[in-house]
Amino acid sequence: MADIGPLRVAVSRGALVANARLAGEDAIADLRREAYGHGITVVAQALAEAGVAAAIVDETGRAAAEAAGLAVTDASPTLDSRTLYGLPGGAGAPAMRLSGSILSTKRLLAGEGVSYNATHVAARDTRIALVSGGFGQGVVRALGNRVDVELAGRRHPIVGRVAMDVCVVDIGDEDAAPGDEVVYFGGTGPLRDGLAAWEQATGLTGAELVCALGVRAATPGLWLRREVVG
């Protein structure tokens with residue numbers, strides 16, 4: 001098996017700017033909880049570029065907000081955070097994209113089970129991939145047997161229980177190999193709005209899910225990396 005590679009939390013600066021512009025200059029944004037896990041520095045700068053002048057912050061985020069030229073206020077936010085961060089129910093494009101990579105592949109025969117307690121049993125011969133990303137990084141255990149990932153532009157289901165650092169995906173006849181990227185949600189492909197399925201599967205809100213991922217990405221040693229993209 002290949003070494004476990006990091007999950008990649010890619011935050012789109014362009015999406016944040018475009019989403020912020022939907023609200024107008026008088027809007028007040030919510031940058032608490034490290035800007036919902038997106039990184040307060042990049043979000044504050046995106047807001048300033050979009051012309052949004054004010055935000056509410058945690059005390060630890062005050063310096064970053066003021067450095068971007070935002071006024072820090074105690075008033076209630078008027079910019080819907082679902083729109084700013086592109087979460088389900090908002091008007092904005094998703095600003096966060098979560099992806100991992102294939103670690104190994106193998107055949108799975110009909111009748112064979114997958115992962116702990118074999119909560120998934122193959123109905124036919126197929127192929128499965130071990131993919132980086134587990135509940136230790138924020139890929140919630142309840143997602144097993146409930147949601148899809150994107151591989152080479154096509155959807156494939158997560159099967160069996162999600163483990164601490166990995167999960168298993170039924171890739172069927174997909175031409176896939178170790179190192180290939182697997183998208184959990186976000187981007188421009190079929191799982192652009194995949195976070196909505198995470199909400200349904202877990203009972204958590206999109207805000208809670210992205211906060212957990214983003215905060216973990218700032219913690220060393222969790223095989224999770226946050227970066228800013230265009």
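A salt bridge, as I use the term here, is a side-chain nitrogen of Lys or Arg within 4 Å of a carboxyl oxygen of Asp or Glu. I start with D80 and R82, whose side chains meet in such a bridge, with 3.0 Å from N to O. I keep in mind throughout that this is a predicted model.

**Entry 1: charged pairs**

I looked up how exposed the two partners are, and found D80 partly exposed with a relative accessible area of 31%, while R82 is also counted as partly exposed, at 39%. Both values fall into the middle class because buried means under 20% and exposed means over 50%.

I then asked how many salt bridges the structure has by this rule. The count comes to 13, and I followed up a few of them one by one.

D30 forms a salt bridge with R32, and the closest N and O atoms of that pair are 2.9 Å apart. Here the surroundings of the two partners fall into separate classes: D30 is buried, with a relative accessible area of 2%, whereas R32 counts as partly exposed at 29%.

R154 and E174 make another salt bridge, in which the closest N and O atoms lie 2.5 Å apart. I traced both residues along the chain and noted that this pair links distant parts of it, 20 residues apart, with R154 in strand β10 (residues 154–159) and E174 in the loop between β11 (166–170) and β12. R154 is partly exposed at 45% relative accessibility, but E174 is buried, with a relative accessible area of 9%.

I also noted a case that goes beyond a single pair, since R8, R225 and E227 are joined into one network by salt bridges that share partners.

**Entry 2: aromatic rings**

Next I searched for aromatic pairs and found three in the structure. For Y36 and Y85 the ring centres are 4.8 Å apart and the planes stand at 20°, so I recorded the pair as stacked; the cut-off behind this is that planes under 30 degrees apart count as stacked. The pair links distant parts of the chain, for Y36 sits in helix α2 (residues 32–36) and Y85 in the loop between α5 (81–84) and β5 (96–108), 49 residues apart.

Are these two tyrosines buried or exposed? Y36 is buried, with a relative accessible area of 9%, and Y85 is buried too, with a relative accessible area of 1%.

I turned to F185 and W198, whose ring centres are 5.1 Å apart and whose planes stand at 85°, so this pair is edge-to-face. F185 lies in strand β12 (residues 181–185) and W198 in helix α6 (residues 195–202), so the pair ties together parts of the chain that are 13 residues apart in sequence. Both F185 and W198 are buried. I added that ring pairs link Y184, F185 and W198 into a cluster.

**Entry 3: two backbone angles**

Most residues other than glycine have a negative phi. With that in mind I looked for exceptions, and I wrote down N117, which has a positive phi of about 65° although it is not a glycine. N117 is found in the loop between β6 (113–114) and β7 (120–121), and it is exposed, with a relative accessible area of 67%.

A118 also has a positive phi, of about 45°, and is not a glycine either. A118 lies in the loop between β6 and β7, where it is partly exposed, with a relative accessible area of 33%.

**Entry 4: cysteines**

How many disulfides does the structure hold? I found zero. I still checked the exposure of two cysteines, and noted that C167 is buried, with a relative accessible area of 1%, and that C211 is buried as well, with a relative accessible area of 11%.

**Entry 5: one distance across the model**

Last, I picked G14, which lies in helix α1 (residues 13–21) and is partly exposed, with a relative accessible area of 33%. I looked up its separation from E199, and found that the two residues are 185 residues apart in sequence and 25 Å apart in space, from C-alpha to C-alpha.

Notes. Residues numbered from 1 in each chain as written. Predicted model: local features only at pLDDT ≥ 70, side-chain atom pairs only at ≥ 80, totals over all residues. Heavy atoms only, no water. Phe/Tyr/Trp six-rings, centres within 6.5 Å; stacked < 30°, edge-to-face > 60°. Helix = DSSP H or I, 4+ residues; strand = E, 2+ residues; numbered from the N terminus. Buried < 20%, exposed > 50% of the residue type's maximum accessible area, 1.4 Å probe, protein only. Disulfide = S-S within 2.5 Å.
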